[in-house]
Amino acid sequence: MEWSSTALRVLRAIAELGSFTAAAGALGYTQSAVSRQMAVLEHAAGTPLFERRSGGATLTAAGATLLRHASAALDDLDRAERALHGIEPGGGTVRVGVFTSIGAAVLPETLTLMRRRRPDVDVVTREGPTAALTRSLRAGTLDLAVISARPPYPAPDDQDPPLELDVLLEGELLVAVPADSRLGRDGTVGLDDLQTATWVSGPHTTGEHGIGVWPALPQRPIIGHQTRDWLSKLSLVAAGYGVTTLPPYLLALVPDTVRVVRVAEGAPVTRRVLLARLPGLITDAVDDLAACLRDAIDGLPLP
């Protein structure tokens with residue numbers, strides 16, 4: 001059975017990005033070229049490697065098996081190329097992804113701790129949504145991923161083998177209000193006040209309001225502004241243009257012009273921060289970076 005490194009990179013890109021179209025865009029190929037590469041690879045493998053669906057493509061069991069070995073082989077090729085050019089660090093490279101809102105809170109301290117512990121290791125970071133980071137772990141383009149989870153805390157995907165998950169933090173969702181607002185003067189706010197408040201949220205998806213809206217409101221919220229960026233959300237709150245939810249790990253980033261309050265009614269709304277990786281042996285460098293992530297999160301000021 002023969003296949004090219006190009007075909008294996010296409011396989012990995014489709015698995016990581018979730019579609020032939022996205023893989024083609026990322027690799028700079030046409031979609032027809034990506035499809036041809038996969039047709040040749042599936043012919044060589046003698047079995048389908050992806051299930052094609054209207055929403056994208058998912059690996060078959062055979063595709064997942066090939067991907068695990070292909071990712072290891074591609075990583076070896078990349079390391080060999082870096083070594084030939086004299087740019088491979090002595091301790092190797094560790095790749096970590098973090099979900100969008102937590103990066104500002106933990107990455108600077110994590111990298112500082114890692115530099116002290118393992119100055120011979122090059123750490124490469126990226127940010128993205130939990131679903132994308134999970135696919136990247138499966139594709140072998142990340143060694144570790146810091147992902148988010150909501151109750152009832154299902155597994156991040158349904159593929160085998162299950163990812164190894166370590167709870168780094170679990171805490172209550174809070175609400176950020178302008179410092180001079182009448183809301184939450186005693187440190188708490190009720191659902192009636194939140195229902196009539198204007199919200200600063202992330203872009204919403206079908207059937208679900210964007211991140212930044214209290215999830216247990218009895219009626220449809222009033223959305224005044226939408227932005228993905230947490231700094232923009234907090235700036236809009238500080239200027240008096242609305243309120244937004246705040247995960248507990250962002251408390252250290254809240255300016256003096258914003259107050260943080262708890263919701264007094266209903267069951268607490270909790271969130272988890274998880275450290276995810278593929279099962280199996282890990283290098284000392286990956287283990288050291290995981291320890292630095294834990295230490296950075298342990299050092300966060302929490303309510």
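Two strands are taken as paired when DSSP finds at least two bridges between them. With that convention in place, I would like to present this chain, which is a predicted model.

I begin with the pairing that the definition serves. Four strands form an open sheet, and their order across it is 8-12-7-11. The pairing within this sheet is mixed. At its edges lie strand 8, residues 188-189, and strand 11, residues 244-246, each of which pairs on one side only. Helix 8, covering residues 230-238, packs on this sheet. Which strands does helix 8 touch? Its contacts are with strand 7, at 174-178, and with strands 11 and 12. The direction of helix 8 makes about 125° with that of strand 11.

Let me return to the edge formed by strand 8. Strand 8 is joined to strand 12, residues 258-263, by 2 bridges, and the two run parallel. Within this pair, Val189 stands opposite Val263 of strand 12.

I turn next to strand 5, which spans residues 144-149. Is strand 5 mostly covered or mostly uncovered? It is mostly covered, with 5 of its 6 residues buried. Strand 5 has a parallel connection to strand 3, residues 93-99, made through 3 bridges. There, Val98 stands opposite Val146 of strand 5. Strand 5 is also joined to strand 13, residues 270-277; here the two strands run antiparallel, and the bridges number 5. In that pairing, Ser148 stands opposite Val273 of strand 13.

Having looked at these elements, I will now describe the chain as a whole. It contains 9 helices and 13 strands. Its C-alpha atoms fill a box of roughly 70 × 45 × 30 Å along the principal axes. Of its 303 residues, 45% count as buried.

How much of the contact set comes from residues 24 or more positions apart? Among contacts with a separation of 6 or more, such residues account for 73%.

As for the surface, the chain exposes about 15,500 Å². Carbon and sulfur atoms supply 52% of that area.

Finally, I come to charge. The chain carries 28 positive side chains and 34 negative ones. How far apart do the centres of the two sets lie? The distance between them is 3 Å.

To close, I would recall two points from this predicted model: the open sheet with its order 8-12-7-11, and strand 5, with 5 of its 6 residues buried.

Key
Residues numbered from 1 in each chain as written. Predicted model: local features only at pLDDT ≥ 70, side-chain atom pairs only at ≥ 80, totals over all residues. Heavy atoms only, no water. Contact = heavy atoms within 4.5 Å. Axes fitted to C-alpha atoms, helices over the stretch in contact; angles between N-to-C directions. Buried < 20%, exposed > 50% of the residue type's maximum accessible area, 1.4 Å probe, protein only. Areas by Shrake-Rupley, 256 points an atom, 1.4 Å probe, with all protein chains shown as cover. Lys, Arg positive; Asp, Glu negative; His and termini not counted. Charge placed at Lys NZ, Arg CZ, Asp CG, Glu CD.
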